[in-house]
Amino acid sequence: MTSLATGKKNVEEKANGKIRVFNAYSSSTQRLVANTRFLAANGRIFRTKNQIIIPGAKVAEGRIVPTSILVEVVADEPGEDYNIGPNTFSIPGFQGSPKFNGFYGKSEEAMSGGFKGEVTVVTDGDLNDARRILEERVFGVLEQEWATRVPKDFKVLEQSKYKKIE
């Protein structure tokens with residue numbers, strides 16, 4: 001059974017993905033509020049969905065060894081322009097401070113899901129048409145089964161037949 005959806009709807013979806021956020025600044029943890037901005041190298045802004053706490057960097061032989069946490073982010077605006085490949089990210093809120101170079105992000109996979117445009121959707125009419133077609137086919141098969149399985153000398157009154165789909 002093939003039914004075609006006939007409805008149209010304008011949709012705006014924001015791209016999303018994951019960024020690994022690094023602390024190469026200090027051994028202290030760093031709290032970032034929900035909606036913290038991350039600036040991709042190509043100028044696109046993504047924001048954290050939730051508050052995050054970046055673990056403190058490790059110190060080994062007097063050198064800072066970065067630690068990281070994987071964070072879910074969503075594009076600042078809807079559209080395909082935010083469906084970007086793996087990228088590096090800075091935190092604009094740290095610009096002008098020593099933390100700017102010590103905290104950064106990298107995505108290992110592409111951001112995806114960004115879209116702006118018209119999509120086809122199923123309307124109530126489409127659903128009703130599909131239901132009607134399905135019922136006709138099912139009841140047709142049942143009528144054929146009834147005709148072949150009921151003995152020929154058996155009399156069935158039409159009004160005794162009851163059909164219902166729940």
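Visitor: Let me start with Asn35: how is its accessibility classed, and where does the residue lie?

Guide: This is a predicted model, and in it Asn35 counts as partly exposed because its relative accessibility is 48%. Exposed would need over 50%. Asn35 is found in the loop between strand E2 (30–32) and strand E3 (37–40).

Visitor: What can I read from the phi angle of Asn35?

Guide: Look at the sign and at the residue type. Phi of Asn35 is near 75°, which is positive in a residue other than glycine. Glu61 can be read in the same way: its phi is near 55°, again a positive value in a residue that is not glycine.

Visitor: Where is Glu61, and is that residue buried or exposed?

Guide: Glu61 sits in the loop between strand E6 (58–60) and strand E7 (63–65). With 83% relative accessibility, Glu61 counts as exposed.

Visitor: Let's turn to aromatic rings. How is a pair of them described?

Guide: Two values do the job: the distance of the centres and the angle of the planes. In this model the count comes to five aromatic pairs. One of them joins Tyr25 and Phe103, with ring centres 5.7 Å apart and planes at 40°, so this pair is tilted. The two rings come from distant parts of the chain, 78 residues apart: Tyr25 is in the loop between strand E1 (7–23) and E2, and Phe103 is in strand E10 (residues 103–106).

Visitor: How do Tyr25 and Phe103 compare in burial?

Guide: Tyr25 is partly exposed, at 32% relative accessibility. Phe103 is buried, at 1% relative accessible area.

Visitor: Which pair is edge-to-face?

Guide: Phe46 and Phe89 form such a pair, with 6.0 Å from centre to centre and 90° between the planes. This pair also links distant parts of the chain, since Phe46 belongs to strand E4 (residues 45–48) and Phe89 to strand E9 (residues 88–90), 43 residues apart. Phe46 is buried, with a relative accessible area of 0%, and Phe89 is buried too, at 3%.

Visitor: Which residues form an aromatic cluster?

Guide: Tyr25, Phe94 and Phe103 make up one aromatic cluster. Rings can also face a charge: the charged end of Arg44 sits over the ring of Tyr82, 5.2 Å from the ring centre.

Visitor: Phe94 has come up now. Which side chain reaches its backbone oxygen?

Guide: That is the side chain of Ser97, at 2.8 Å. Ser97 lies in the loop between E9 and helix H1 (99–102) and is partly exposed, with a relative accessible area of 29%.

Visitor: What does the side chain of Thr67 reach?

Guide: The side chain of Thr67 reaches the backbone oxygen of Gly56, at 3.1 Å. Thr67 is in strand E8 (residues 67–78). Its relative accessible area is 12%, so Thr67 counts as buried.

Visitor: Last topic, pockets. How much space lies in the largest pocket, and which residues line it?

Guide: The largest pocket holds about 160 Å³ of space. Its lining is made of Phe139, Leu142, Glu143, Glu145, Trp146, Lys161, Tyr162 and Lys163.

Visitor: How does that lining divide by class?

Guide: There are four nonpolar and four charged residues in the lining of the largest pocket, and no polar ones.

Conventions: Residues numbered from 1 in each chain as written. Predicted model: local features only at pLDDT ≥ 70, side-chain atom pairs only at ≥ 80, totals over all residues. Heavy atoms only, no water. 1 Å grid on protein atoms, 1.4 Å probe; cavity = no way out; pocket = protein on both sides within 12 Å on 5 of 7 lines; lining within 4 Å. Points joined across faces, edges and corners; volume = space filled by probe spheres on them. Nonpolar A, V, L, I, M, F, W, Y, C, P; charged D, E, K, R; others polar. Helix = DSSP H or I, 4+ residues; strand = E, 2+ residues; numbered from the N terminus. Buried < 20%, exposed > 50% of the residue type's maximum accessible area, 1.4 Å probe, protein only. Phe/Tyr/Trp six-rings, centres within 6.5 Å; stacked < 30°, edge-to-face > 60°. Lys NZ or Arg CZ within 6 Å of the ring centre and 35° of its normal. Polar contact = N/O pair within 3.5 Å; in protein donor to acceptor, adjacent residues only side chain to side chain.
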